[in-house]
Every structure is written in C-alpha cells, then in structure tokens.
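Got your viewer open and a selection box ready? Let's take a walk along the chain, stop by stop.

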Amino acid sequence: QEQEAQEVRQAVNRLKELARRQEDINKELQKLQSELQAAETPEKKQEIEEQLKRLRDAQEELLRDTDELSERLNEPSQQEALESAREQIEQARENVKNATESLARNEPNEALSAGTRAEQQFEQMRDELRQQSANQFSQQMKEMVQQAQDLSEQQKEISQKVQQSEPETETPGLRAENSTENLAQEFKDQA
C-alpha cells in the first residue's frame, strides 16, 4: 500500500507539472497570437512565427511527456484506483495532440482552445487523484485505529485470564516476617 500511495503521489505531481507547463504554453500562445495580429512588418511577423515554432516544440515535448505518463498509468503494476485517471489522461493527450497539430498548421486559436482543455483536464485529474489518495489515507487511519482498539481488547482479555489463573494465595511482602513488635525494636536499635 505504501508503494501504491507513492505511485499516486508521483502521478499527482506529474499531472501538476503537465498542467503548469500547458498553462505556460497557453499564456505564451495568447501573447504571441495578439502580437501576430498587431504585427505590421514582415520582419516582426517572421520573428513571432519563429517563437510560435519554439512553442510548437514545447507543445510536442509536452505531448511526449503526456504519453510517458499514460504508459506508466497503464502498467500492470498500477491499481484500479488509477483506472479513471487512465481514461482522462487519454482525453487530455488528445487535446495536447490537437494543440500540437493546430500549432503545426499555424492555427493559434484552435491550439489555444485545445491547450486550455488539456490544462483543465490535467488539473482535474490531479485533484481527483489527490482526493482519492486522501480518502485512502483516511480509510487506512480508520483501519489502524480499529486494529489498535482490537489489540487493546485482546490485551485486556489476556490480562484477565492471567489474573484468573493465578493462585489466590498472597505472596509475602518484604516485611511479612516482621511483626509490629519487631519493627518497634528495630527502630529503637537504629537510634
């Protein structure tokens, strides 16, 4: 279960990173789209198109990283807890792919909307996995508390059985041999 929780945390962190990167690409794309519309000279347009090419490369890298996460989520070692994440990652991957293709076709509007959908899906998956992980932790804590209570009950039962099986005879204390008279004499002798 510890390894499972670690895998979920890794997936959550990876989704957070992918969402952040997609958000950064979306912001840059919005900025470049506005600049491209406002560009008056061919040189300025060429410069912006070069920046769009670099953005397309970043989008393609994001697509590869999304594929990598998808493959990790599809590994047999992953639990069914990640089943919904597998389906959602495929949808997000499709949006990242659409954004990449739109950038390749110089369609920044379509790229931006597909990128925004992908970003939202990454964030939604991250939140769902985080919630699922928290619920699992809560369930584990409840189980541990129940186990502790069960152990405490067993301990009490064992203790009672041990007390019942002990003979009723009293064991003499340290001073059981000394009578009150002997104690008085000992006090006098000490003085």
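## Stop one: a helix pair

Start by selecting helix 1 and helix 2, and look at how they cross: the crossing is left-handed. Helix 1 covers residues 2-38 and helix 2 covers residues 42-73, and the two pack at an angle of about 160 degrees with their axes 10 Å apart. An angle over 145 degrees counts as roughly antiparallel, so that is the label for helix 1 and helix 2. Now colour the residues of this contact by type: you should get 14 nonpolar, 5 polar and 9 charged.

## Zoom out and colour by confidence

Before going further, keep in mind that this is a predicted model. Show the whole chain as a cartoon and you'll find 5 helices and 0 strands, so to speak an α-α-α-α-α string when read from the N terminus. Switch the colouring to pLDDT: the chain average is 79, and 76% of the residues score at least 70. Which element has the lowest mean pLDDT, and which the highest? Helix 5 (residues 180-190) sits at the bottom with 62, while helix 2 tops the list with 91. A word of caution here: where pLDDT is low, the predicted coordinates should not be read in detail.

Two more whole-chain numbers are handy. Of the 191 residues, 30% are buried. Among contacts with a separation of 6 or more, 71% are between residues 24 or more positions apart.

## Stop two: Leu-62 and Thr-66

Go back to helix 2 and select Leu-62, which is found there. Is Leu-62 buried or exposed? Its relative accessible area is 0%, so Leu-62 is buried. Show what surrounds Leu-62: leaving out residues up to four places away in sequence, it touches Leu-18, Arg-21, Gln-22, Ile-25 and Val-96. Try the distance tool on Leu-62 and Ile-25; C-alpha to C-alpha they are 9.6 Å apart, with their positions 37 residues apart in sequence.

Next, select Thr-66, also in helix 2. Thr-66 has 0% relative accessibility and therefore counts as buried. Which residues is Thr-66 in contact with, leaving aside neighbours within four places in sequence? Select Leu-18, Ile-89, Arg-93, Val-96 and Phe-122 to see them. Leu-18 and Val-96 should look familiar, as Leu-62 touches them too.

## Stop three: the loop before helix 4

Move on to the loop between helix 3 (83-104) and helix 4, and pick out Asn-106. Check its backbone: Asn-106 is not a glycine, yet has a positive phi of about 60 degrees. For context, most residues other than glycine have a negative phi. Turn on the surface as well; with a relative accessibility of 53%, Asn-106 counts as exposed.

## Last stop: Arg-117

Finish by following helix 4 (residues 108-165) to Arg-117. Arg-117 has 38% relative accessibility, so it counts as partly exposed. Draw one last distance, from the C-alpha of Arg-117 to the C-alpha of Ala-92: the two residues are 25 apart along the chain, and the atoms are separated by 7.4 Å.

Definitions and conventions: Residues are numbered from 1 along each chain as its sequence is written. This is a predicted model: local features need pLDDT of at least 70, side-chain atom pairs count only at pLDDT 80 or more; totals for chains, interfaces and linings use all residues. Side-chain values use heavy atoms; hydrogens and water are left out. Axes are lines fitted to C-alpha atoms, for helices over the stretch in contact, and angles run from 0 to 180 degrees between N-to-C directions. Helices (H or I, at least four residues) and strands (E, at least two) are DSSP runs, numbered from the N terminus. Angles under 35 degrees count as roughly parallel, over 145 as roughly antiparallel, 65 to 115 as roughly perpendicular and the rest as oblique. A crossing is left-handed if the near helix is turned anticlockwise from the far one by less than a right angle, and right-handed if clockwise. Ala, Val, Leu, Ile, Met, Phe, Trp, Tyr, Cys and Pro count as nonpolar, Asp, Glu, Lys and Arg as charged, and the others, Gly among them, as polar. pLDDT is the predictor's confidence in each residue, from 0 to 100. Buried means under 20% relative accessible area, exposed over 50%, partly exposed in between (1.4 Å probe, protein chains only). Contact means heavy atoms within 4.5 Å.
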